[in-house]
Amino acid sequence: MVRRIRSYHEVGAAAGGDVLEQVRAQRRRLEERLAQVRRVVAVASGKGGVGKSAVTANLAATLAERGHRVGAVDADLNGPSLARMLGAAGQPLEVREDGVLPATGAAGVRVMSMDLLLADDDAPVRWRGPGGRVAPPGAEDAFVWQSTLETGTLREFLADTHWGELDWLLIDAPPGTDRIERLLGLVPRLDAVLLVTTPSEAARFVVAKSVRLARDAGVAAVGLVANMCAYVCPTCGSAAPLFDADGARRLAEAAALPLWTEIPFDPRLAASTDAGAPFVLGTRDAPAAHALRALADRLERDTSHQEAPP
């Protein structure tokens, strides 16, 4: 996959051959890669705009700062941002016979993202269908094969990246319950799913669907991460609710889901993430930094009893 698209912004279906056998081969490679990973965690959300990628970047940096070997893959192929948030944007990728070496981000996090494969910052990903054609906007058949191509490309992202031995692999999933379902069917083992949301009533219905998908898939640890719970003034440190003050707890109760952490909105967190310098690495006393470290604590604690691969 990476050999095919590393210099282009168009992704196409494989031509010729037994497609089913290609998928089986990808699955075998993926299982071999993940055999070297102790914990695989998906950071997901039923809806967009909740700060999921910022949570992923800061969680990865927190775990790496503690001495863990951490990888992070951006599963949002059409709107990648994780490489930039971890300060890895623009790094060249080394292609070897045993896979592609990931970029190195903040605190040594190993990063793979579609953003690292695009020739230009503003280059969109265009998906090629049968015959190698790029479907024009609004084409009736575009969605039929684009979903298949996205799934195959993500599988290759995970399988063809030479992660090496990792303590944690975080997968930053695209928004949408359909993307969560696809990821659950794609990855052979998920040790935890973190569902990031804002504590609003509108989010409750989406979270309930995402919880059910994760539980039906047999994920051992599923936790709710309530982001943007309050606004923290960067000058005086005072906090004021952005949503209903008890919204996050009601949301957790309605979904019968443990609330792992509540992260207040801090303008400095957004600014540092945009600059490729995770907030937790440069700020110690801010409430948002404390909440993100508490999330890492909970993740370590709630997955410690699970049997890890050798």
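Among contacts in the protein between residues at least 6 apart in sequence, 78% join residues at least 24 apart. Contact here means heavy atoms within 4.5 Å. This is a predicted model: local features need pLDDT of at least 70, side-chain atom pairs count only at pLDDT 80 or more, and totals for chains, interfaces and linings use all residues. Residues are numbered from 1 along each chain as its sequence is written, and side-chain values use heavy atoms, with hydrogens and water left out.

**Overview**

The secondary structure comes to 11 helices and 13 strands. Helices (H or I, at least four residues) and strands (E, at least two) are DSSP runs, numbered from the N terminus. Of the 310 residues of the protein, 53% count as buried. Buried means under 20% relative accessible area, exposed means over 50%, and partly exposed lies in between (1.4 Å probe, protein chains only). The protein exposes about 13,700 Å². Carbon and sulfur atoms supply 51% of that area. Accessible areas come from the Shrake-Rupley method with a 1.4 Å probe; for residues, only the protein chains shown count as cover.

**Helix α3**

Start with α3, residues 52-65. Of its 14 residues, 13 are buried, so α3 is largely enclosed by the rest of the structure. Its length agrees with expectation: at 1.5 Å a residue, α3 should span 20 Å, and its end C-alpha atoms are 20 Å apart. The expected span is 1.5 Å times one less than the number of residues.

**Helix α9**

In α9 (residues 267-274), L269, S272 and T273 are buried. They cover an arc of only 100° around the axis, which puts them on the same side of α9. The arc is that of the directions from the helix axis to the C-beta atoms. What covers these buried residues includes α3, α4 (82-85), α10 (279-282) and α11 (287-303).

**Helix α8**

Which residues of α8 are buried? They are G247, A248, L251 and A252. Their arc is only 135° around the axis, which puts them on the same side of α8. They pack against β10 (192-197), α7 (201-216), β11 (221-232) and β13 (259-265). A202 has its place in helix α7. At 56% relative accessibility, A202 counts as exposed. The C-alpha atoms of A202 and L251 are separated by 10.0 Å, although the two residues are 49 apart along the chain.

**Positive phi**

Several residues take a positive phi. The table gives their places.

| Residue | Place | Phi |
|---|---|---|
| G67 | follows α3 | near 100° |
| G276 | just after α9 | about 80° |
| A256 | follows α8 | near 50° |
| A107 | loop between β6 (103-104) and β7 (110-112) | near 60° |
| M228 | strand β11 | near 60° |

For A107, the positive value occurs in a residue other than glycine. That also holds for M228. A107 is partly exposed, with a relative accessible area of 41%.

**A nonpolar patch**

Y231, L242 and F243 make a nonpolar surface patch of about 250 Å². Patches are made of residues with over 30% relative accessible area and no salt bridge; like charges are joined within 9 Å, nonpolar side chains (Val, Leu, Ile, Met, Phe, Trp, Tyr) within 5 Å. A salt bridge is a side-chain nitrogen of Lys or Arg within 4 Å of a carboxyl oxygen of Asp or Glu. F243 is found in the loop between β12 (239-241) and α8 (247-254). At 31% relative accessibility, F243 counts as partly exposed.
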